[in-house]
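Reader: I am new to this structure. Please take me through it step by step.

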Amino acid sequence: MSVCRAPRGLVTRRRATVLAAGATVVMLSLTACGGGGTSGGSADTKFVQGKGGVDTVAEENRKDGPQLLGKTLEGKPLDLADYKGKIVVLNVWGSWCAPCRAEASNLAKVAKDTEAKGVRFIGINTRDSNRAPALRFEKEYGIDYPSLYDPIGKLMLRFPKGSLNPQAIPSTIVLDREGRIAARALTPLSEERLRTMVTPLIAEK
């Protein structure tokens, strides 16, 4: 199992802050990246663990997504609430994470292909000590959608208890048009696997 960790200097500088932020952030810093991860949530999450590391939740059992707002890598304000009525794909990533690089072009392609169908992508960039490497990452892989800048993982704490939440880097979570958590993957995604997460939600009325 491969493990994604931030550069040693960043871990050292951020250690006290991460510990103060709570156990969820600590878990993120230690979780395997790209090796399948572990399914999370509680007994009442009611998700179905599918093939390829993708978990899904039936429409009647979905929980509301988190309240996420902040500044993007470009310094622009972004509020997830403004995306209500759209299917939203949230991808947690870091420029230092090899599996994130492996899936980046797949995310960029599916984002472009599904935009006309009401799908929007939002990245959550985490554990990059400054924006420059992350901006270079976006340019290299042709990522046009915005990413919230979350260097110490505070946004991860906003996912509701008992929901499918991000527990690895990368993690991908899909919200339905009502803003509810419908699917999650804790592994880097191929284009095909990502489409299997999004396509059923496009078909929902």
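The questions and answers below go from the overall fold to single residues.

Reader: What pattern of helices and strands does the chain follow?

Author: This is a predicted model. The chain holds five helices and nine strands. Read along the sequence, they come in the pattern α-α-β-β-β-β-β-α-β-α-β-β-β-α.

Reader: What percentage of the residues of the chain count as buried?
Author: A residue is called buried when its relative accessible area is under 20%. Of the 205 residues of the chain, the share that counts as buried is 48%.

Reader: Which residue forms a salt bridge with Arg-184?
Author: The chain has 10 salt bridges by the rule used here. In one of them, the closest N and O atoms are 3.0 Å apart, and the residues are Arg-184 and Asp-55. The pair links distant parts of the chain, with Arg-184 in strand 9 (residues 181–185) and Asp-55 in strand 2 (residues 54–57), 129 residues apart. Arg-184 is buried, and so is its partner, Asp-55.

Reader: Is Glu-59, which forms a salt bridge with Arg-180, buried or partly exposed?
Author: The closest N and O atoms of Arg-180 and Glu-59 are 3.6 Å apart. The two lie 121 residues apart in the sequence, Arg-180 in the loop between strand 8 (171–175) and strand 9, Glu-59 in the loop between strand 2 and strand 3 (69–71). Arg-180 has 18% relative accessibility and therefore counts as buried. Glu-59 has 37% relative accessibility, so Glu-59 counts as partly exposed.

Reader: Which residues do salt bridges with shared partners join into one network?
Author: Asp-176 forms a salt bridge with Arg-62, with the closest N and O atoms 2.9 Å apart. This pair also links distant parts of the chain: Asp-176 is in the loop between strand 8 and strand 9, and Arg-62 is in the loop between strand 2 and strand 3. Asp-176 is buried at a relative accessible area of 2%, and Arg-62 counts as buried at 12%. Salt bridges that share partners make one network of Glu-59, Arg-62, Asp-176, Arg-180 and Glu-204.

Reader: Why does Glu-103 have no salt bridge, and how far away is the nearest side chain of opposite charge?
Author: Glu-103 is found in helix 3 (residues 98–114), and its side chain reaches the backbone nitrogen of Leu-189 at 2.8 Å. A salt bridge needs a side-chain nitrogen of Lys or Arg within 4 Å of a carboxyl oxygen of Asp or Glu. Glu-103 is buried yet has no salt bridge, and the nearest side chain of opposite charge, Arg-193, is away by 8.1 Å.

Reader: Where is the residue with a positive phi near 65°?
Author: Most residues other than glycine have a negative phi. Arg-127 has a positive value, near 65°. Arg-127 is buried, with a relative accessible area of 12%. The place of Arg-127 is the loop between strand 6 (119–126) and helix 4 (131–141).

Reader: Is the peptide bond from Ile-169 to Pro-170 cis or trans?
Author: Pro-170 is found in the loop between strand 7 (147–150) and strand 8. Most peptide bonds are trans. With omega near 5°, the bond from Ile-169 to Pro-170 is cis.

Reader: Which residues lie nearest the centre of the second largest pocket?
Author: About 240 Å³ of space lies in this pocket. By class, its lining has seven nonpolar, four polar and seven charged residues. Of the 18 lining residues, those nearest the centre are Pro-66, Leu-80, Ala-81, Lys-84 and Gly-179.

Conventions. Residues numbered from 1 in each chain as written. Predicted model: local features only at pLDDT ≥ 70, side-chain atom pairs only at ≥ 80, totals over all residues. Heavy atoms only, no water. 1 Å grid on protein atoms, 1.4 Å probe; cavity = no way out; pocket = protein on both sides within 12 Å on 5 of 7 lines; lining within 4 Å. Points joined across faces, edges and corners; volume = space filled by probe spheres on them. Nonpolar A, V, L, I, M, F, W, Y, C, P; charged D, E, K, R; others polar. Helix = DSSP H or I, 4+ residues; strand = E, 2+ residues; numbered from the N terminus. Buried < 20%, exposed > 50% of the residue type's maximum accessible area, 1.4 Å probe, protein only. Lys, Arg positive; Asp, Glu negative; His and termini not counted. Polar contact = N/O pair within 3.5 Å; in protein donor to acceptor, adjacent residues only side chain to side chain.
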